[in-house]
Every structure is written in C-alpha cells, then in structure tokens.
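User: Could you walk me through the packing of this protein? I'd like to go question by question.

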Amino acid sequence: MTDPLAQPLRLPCGAQLPNRLCKAAMTEGLGDAQLRATERHVRLYRAWSEGGCGLHITGNVMIDRHVIERPGNVAIDTRHPPSVDAQARARLKAWSAAGTVGGNGLWMQISHAGRQSPRYATRQPVGPSAVQLKLMGNYARPRALSEDEILALVQRFADAATIARDTGFTGVQVHGAHGYLLSSFLSPVTNQRTDAWGGSLANRARFLLETVHAVRKAVGRDFPVSVKLNSDDFRKGGFSSADCLDVVQLLNGENLDLLEISGGNYEQPRLLGMSGRDDDAVQVRPSTKVREAYFLDYAAAIRKVATMPMMVTGGFRTRAGMEAALATGDTDMIGLGRPLCTHPDAPRRLLAREIDELPAFESRLHLRPRGLLSPASPWLLPKMLNVLGAQGWYYQQMDRIADGRAPQLSRGVLRSFVRYWWNDLSKAAKLRR
C-alpha cells in the first residue's frame, strides 16, 4: 500500500521534498552573544535531520539585531559586519550541513520581530504604527517606521535570503504570521497608517508582497521561497480569514513554492492551541475546536483560491489525521512542532509504521487541569502562565537535545516558566550590541 506521508512533493521551482512531513519553525534561542549560530544548532539540527522529516524550517532568523524575538536568536543584519562576515557564514554553513544530513530540505525562516520584541531584548521596538503590545508589561510602545525604513527592510529580507542560499540552506521562508512585523502590517488593529502602507488591505499587504518579490528576485527562480501566513489573527477587528483569502490571491502571482497556514499572535496564541483575553477574541468555529489540526478548516477555504502547494501546522498528532488531511487535498505538507522537541526520531518511526501517534505532552502541561488556574481560566495572567510555562518546558527539551542529552520529561509548568524567563534574561544581559 502506498503511504501518503512518504510521497515526495515536487515544488514549482523544481526542487523536490522526499516526503510530506515538515518540522515547522520553532524558536531555538541557541545563538551566542553576537546572535550567531553555534555548535548547539549543529547538534540539534543533526538530530532532527536524522529524524525523518522531508523538510525542516529553522526558527526566526532576524534581519535586525536590535529588534529580536528573544535573546539567542540568530541575526543576519547586513548593517552589522560581524553578522555577515566569514566567521558568521562559516557557522551558518555548519548549521546547514548538519541540518541536511538526512537528505531533507532545510529552509531558513527570515523574520523581523516588530512590536513583539520584549523590553529586555530590544533597544526600541518598531511597527507600522505606535500600537503597544500590552502583555504582562513586557513590551514597550513601538515606534512607527518611516517609508524609507520599510523599503530598507525589504532589501534586508532579500539580503538575508541570499546569504541563506549561499551558506547551504535549501530554501527560505518569509515569516508573515503570528503578529511579527510583516503580520502586524496586515492587521487593521496594529496598522493605523494613512499612507501607501496602510488603510486598504492592498496597502496593508504591500510590505509582505514587496518583500516576497524582492526575495524571489534575489535568490532566483530555482530556489524554494515560502511564506508563513495567518489564516486569522483571532482578534476583534484584526486580520480576518476573509482578509487571508484576499492576500493569498495576491500571493498567487509571486511564484511561491509553499504557503504555510497558521494563526494567532501573542495576544491570541492560537498557534499553541490556546486563547488570550476573552473580550478581544474572535470566536472559533465549533468544527475547528474538535479538529486534530487547529487550522485545517481554514486551509480548506484557502485551498480553493491558492495556486501554490500548502502546509498546515498546529495540532497534528495521529497518522489517521495526517493522512485524512492529505487525502482531502486541503494541505500538501504536514507541519509538526512540539512532538519533535521530545522525540526527534518520531517522524522516522511514523514513516516506518512503527508508531501511529505522536507524543502529546501539551495535554498535561498546565498549572491545573480545570478551574481558575487552568488554560481555560477567564483571567489573563493564569492563561499566560500556562502558555509560557508549557512553551518553556518544550524549550528545555530542545536545549537538552542541543547539548547532546536526552529530554527530561518530568518537570512541571511553573518551574519551566521560571527557568524560561531566567534563561532569556541571562542571555539578554550578555548580548553584545
């Protein structure tokens, strides 16, 4: 019997992926004090590459070393020579070599944190408008970018893509989701500009479209270029599922090789299967709540207008769910994340039919299963403690693999939350800006 998950996928640019499983982007936080790749990237990505996925996408590689998603990001900032010198490129080459030993593709996700750069990791956050992210007091009011700065950032995305290609990465993904800079331009909540970069959806999408166009021009027609896009921000008045369909139609003309569908942002972390403030949230369809993959219902609508291959990330755990998603044609690739933090060999075992289900530790990573301290609490603080604690727990497992150690699966959420903040603050103190 033909295994749907094991089938190769030929991309529009001519490249071929060996199977339909992808390790989606997860921020690693393994960079050094100058935001360069390290031996820990090499160890982690070698383990993942040997794990069986046909494609791996790195975590955020930032194009601005002063506005980062977290300490330990890798940055390719062409204004800062140490970010792009011979030593920095050699480190990137070591990373890409280790991350492709299994015969898979390895794409660099290029990104700008925008307003979602925490106080301890940024000099000054920037965004389309001066709309502050009010989340536990951790984010400063951003400065609105000028048009000249926007155009310069478009070029820096293209420059980073060129360096990714030249250092052995086999593709790039432009991060246009989850509330980071390109995503924030798409949302009417965070983009309140009245010039050519705000107002209508066509104007709000201009930064993303110009970036994708510049990246494609820089890397050529035979190099994979992808975009990660929200199906919905799930915020009242924000980037909606209807907006997404219109942006996808605009992206159809940009020669994309893969469109990854996700959703949410820091205010509404639906990418992690959780919600934020109830008074700010868009209600999710009942059918979506019971689906194994969070965004598959949205992908079905997007598939009707998208002309490029698609990938859905978020929530896939069973072979049956993955095969059903491929059978409908609503997705061409299955994006996996958290299960690979604890079991990097799970994709290989899934393809070998040794297992039919991936580990799902997130089902037990909470302060309390029910009540006011649970992820479903009506209060924002316990919600965020659950989100960040679970996220920190997975970061710790990645750290252990990067250090050549086995994951440790017994720590609780509160301890993980404390360790997460301590590690990031310690790294922030050592940053060389």
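Analyst: Happy to; this is a predicted model, and we will take its cores, one helix and one loop residue in turn.

User: Which residues have the most contacts inside the largest nonpolar core?


Analyst: The largest nonpolar core has 109 residues. One of its best-connected members, Leu251, touches residues including Val212, Val227 and Met308. Apart from this core lies another, of 12 residues, with Leu11 and Trp107 among them. Back in the largest core, the residues with the most contacts are Leu208, Leu229, Leu251 and Leu259.

User: How far apart are the end C-alpha atoms of helix α3, and what span should its 20 residues have?

Analyst: Helix α3 covers residues 147-166. At 1.5 Å a residue, its 20 residues should span 28 Å, and this agrees with the distance between its end C-alpha atoms, 29 Å.

User: Which elements do the buried residues of α3 pack against?

Analyst: The buried residues of α3 include Ile150, Leu153, Phe157 and Ile163, and Arg156 is also among them. After the helix comes Gly168, with a positive phi near 100 degrees. The partners of those buried residues are α2, β7, β10, α4 and α6.

User: Is Asp257 buried or exposed?

Analyst: Asp257 sits in the loop between α7 and β12. Its relative accessibility is 1%, and the cut-off for buried is under 20%. Asp257 therefore counts as buried.

User: Which residue has its backbone nitrogen 2.7 Å from a polar atom of the Asp257 side chain?

Analyst: Asp257 touches several residues distant in sequence by more than four places, including Leu11, Pro12, Arg216 and Phe223. Also in that list is the residue whose backbone nitrogen lies 2.7 Å from a polar side-chain atom of Asp257, namely Cys13.

Key. Residues are numbered from 1 along each chain as its sequence is written. This is a predicted model: local features need pLDDT of at least 70, side-chain atom pairs count only at pLDDT 80 or more; totals for chains, interfaces and linings use all residues. Side-chain values use heavy atoms; hydrogens and water are left out. A nonpolar core is a set of buried Ala, Val, Leu, Ile, Met, Phe, Trp, Tyr and Cys residues joined through side-chain atoms within 4.5 Å. Buried means under 20% relative accessible area, exposed over 50%, partly exposed in between (1.4 Å probe, protein chains only). Contact means heavy atoms within 4.5 Å. Helices (H or I, at least four residues) and strands (E, at least two) are DSSP runs, numbered from the N terminus. The expected span of a helix is 1.5 Å times one less than its number of residues. A polar contact is a pair of N or O atoms within 3.5 Å; within protein, one must be able to donate a hydrogen and the other to accept it, and residues adjacent in sequence count only if both atoms are side-chain atoms.
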